[in-house]
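Here is an informal walk through one protein model. Have the structure open and follow along.

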Amino acid sequence: MSNKRYDLFPKSTAASHGAAGQESPPLSARLVYASSATYGPDWHSLPHTHDCIELFYVVSGVGQFRMGGELLAVAKGDLVIINPHVEHTELSLYSHPLEYIVLGVEGLQFTTGTNGQYGVYNFHGGQEAVLHILQTILQELEQRPAGYQQMCQILLDMLLLLLARYTDFDSSAEPTRRASKECAIVKRYIDANFKENISLDQLAELAHVNKYYLVHSFSREYQISPINYLIQRRVKESCYLLSNTDHSLSQISHTMGFSSPSYFSQSFRKLMGMSPMEYRKQSRGGPRR
């Protein structure tokens, strides 16, 4: 008879450590969302921030991440970790379209790179396992079988452990200040649907709170009211259309969800300090993006 036993926590190594002698990352993170994207002619990304950490895994292609004034080159197998409230945008090459899977994770703040804001890691030797985990998370969220939320959390914990195992990632982590649940729901909804006709009453109903409470709470959290944030998102998105298309102001106004071209122009001037046509002329006077 042959019998083998493997203790999970041997007495001699009661403290949990990774392969490189580092402590394993605390499994207190919570998955908020997951998505996948592939670069195409209609894809453009404006500088933006998130309340939670974002993990971008490059499935294929070549691209860049712009963080402030810095450009970060990325390619297949790279994982980009961006801490909360760090402004960023994604860029890609037409010849090698960027495809990635992104996870939004709440509850942790990693010490990444040299500035504590972001970093790039590569799972040398563990790419297949990492991609399988990410694809399974997407599948679970798409199909939503029984227990899918718990399964996604388990998969996230596995991903964090693989990150510690296959990279030189500094696994120290600390809790982050979480935005209120209501405010985070409203902000994510606006980010995803800002071109639609959205009212304060709709947002309050979505968050299941009184609209006056929502305005106060959202303004305290993000230093801007929900409706002004909605207008800001629309105006910033319209900058791309003004710079890169020949759409009329009426077309852009309608596409961005403004009630009229005059209201669009008024909102644009207030936020950007110039009219939409002045912005178009100025943006096209310099190098094209």
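A helix here is a DSSP run of H or I with at least four residues, and helices are numbered from the N terminus. By that rule, I154 sits in helix α2, which covers residues 148-166. One caution before going further: this is a predicted model.

**The patch on α2**

I154 teams up with M151 and M158 to make a nonpolar surface patch of about 270 Å². How accessible is I154 itself? Its relative accessible area is 47%, and since partly exposed covers the range from 20% to 50%, I154 counts as partly exposed.

**The largest pocket**

Now turn to the largest pocket, which holds about 1,300 Å³ of space. Its lining has 43 residues, and the ones closest to the centre are H48, H50, D191, A192 and R233. Which elements give two or more residues to that lining? On the strand side they are β1 (30-38), β2 (53-60) and β7 (99-106), and on the helix side α3 (181-193), α5 (211-222) and α6 (226-244). Helix α3 gives the most, with seven residues. As for chemistry, the lining splits into 18 nonpolar, 11 polar and 14 charged residues.

**Salt bridges**

In general, side chains of opposite charge can pair when their charged atoms come close. Searching the whole structure turns up four salt bridges. Three of them are set out here, with the distance between the closest N and O atoms.

| Salt bridge | Closest N and O atoms |
|---|---|
| R30 with E106 | 2.6 Å |
| R233 with D191 | 3.1 Å |
| K211 with D201 | 3.3 Å |

Start with R30 and E106, whose closest N and O atoms are 2.6 Å apart. This pair links distant parts of the chain, since R30 belongs to strand β1 and E106 to strand β7, 76 residues apart. The two ends differ in how covered they are: R30 is partly exposed at 37% relative accessibility, while E106 is buried at 8%.

R233 and D191 come next, with 3.1 Å between their closest N and O atoms. Here the link runs from R233 in helix α6 to D191 in helix α3, across 42 residues of sequence. R233 is buried, with a relative accessible area of 17%, so it falls under the 20% cut-off. D191, at 22%, counts as partly exposed. Both residues were also named above among those closest to the centre of the largest pocket.

Then there is K211 with D201, at 3.3 Å. K211 is in helix α5 and D201 in helix α4, 10 residues apart. Both ends are partly exposed: K211 has 28% relative accessibility and D201 has a relative accessible area of 47%. Elsewhere, salt bridges with shared partners join K187, D191 and R233 into one network.

**Around α3 and α6**

K187, a member of that network, is found in helix α3. Is K187 buried or exposed? With a relative accessible area of 7%, K187 is buried. Its C-alpha is 7.7 Å from that of P226, although the two residues are 39 apart in sequence.

E237 makes a similar kind of stop on helix α6. E237 is buried too, with a relative accessible area of 8%. Measure E237 against F194 and you get 9.5 Å between C-alpha atoms, with their positions 43 residues apart in sequence.

**Two loop residues with positive phi**

Most residues other than glycine have a negative phi. Against that background, which places are worth a look?

H208 has a positive phi, near 60 degrees, and is a residue other than glycine. Its place is the loop between α4 (200-207) and α5. H208 counts as exposed, at 73% relative accessibility.

Q223 has a positive phi as well, of about 60 degrees, and is not a glycine. Look for Q223 in the loop between α5 and α6. Q223 counts as exposed because its relative accessibility, 64%, is over the 50% cut-off.

Notes:
Residues numbered from 1 in each chain as written. Predicted model: local features only at pLDDT ≥ 70, side-chain atom pairs only at ≥ 80, totals over all residues. Heavy atoms only, no water. Patch = residues over 30% accessible without salt bridge, like charges linked within 9 Å, V, L, I, M, F, W, Y side chains within 5 Å. Areas by Shrake-Rupley, 256 points an atom, 1.4 Å probe, with all protein chains shown as cover. Salt bridge = Lys/Arg side-chain N within 4 Å of Asp/Glu carboxyl O. Buried < 20%, exposed > 50% of the residue type's maximum accessible area, 1.4 Å probe, protein only. 1 Å grid on protein atoms, 1.4 Å probe; cavity = no way out; pocket = protein on both sides within 12 Å on 5 of 7 lines; lining within 4 Å. Points joined across faces, edges and corners; volume = space filled by probe spheres on them. Nonpolar A, V, L, I, M, F, W, Y, C, P; charged D, E, K, R; others polar.
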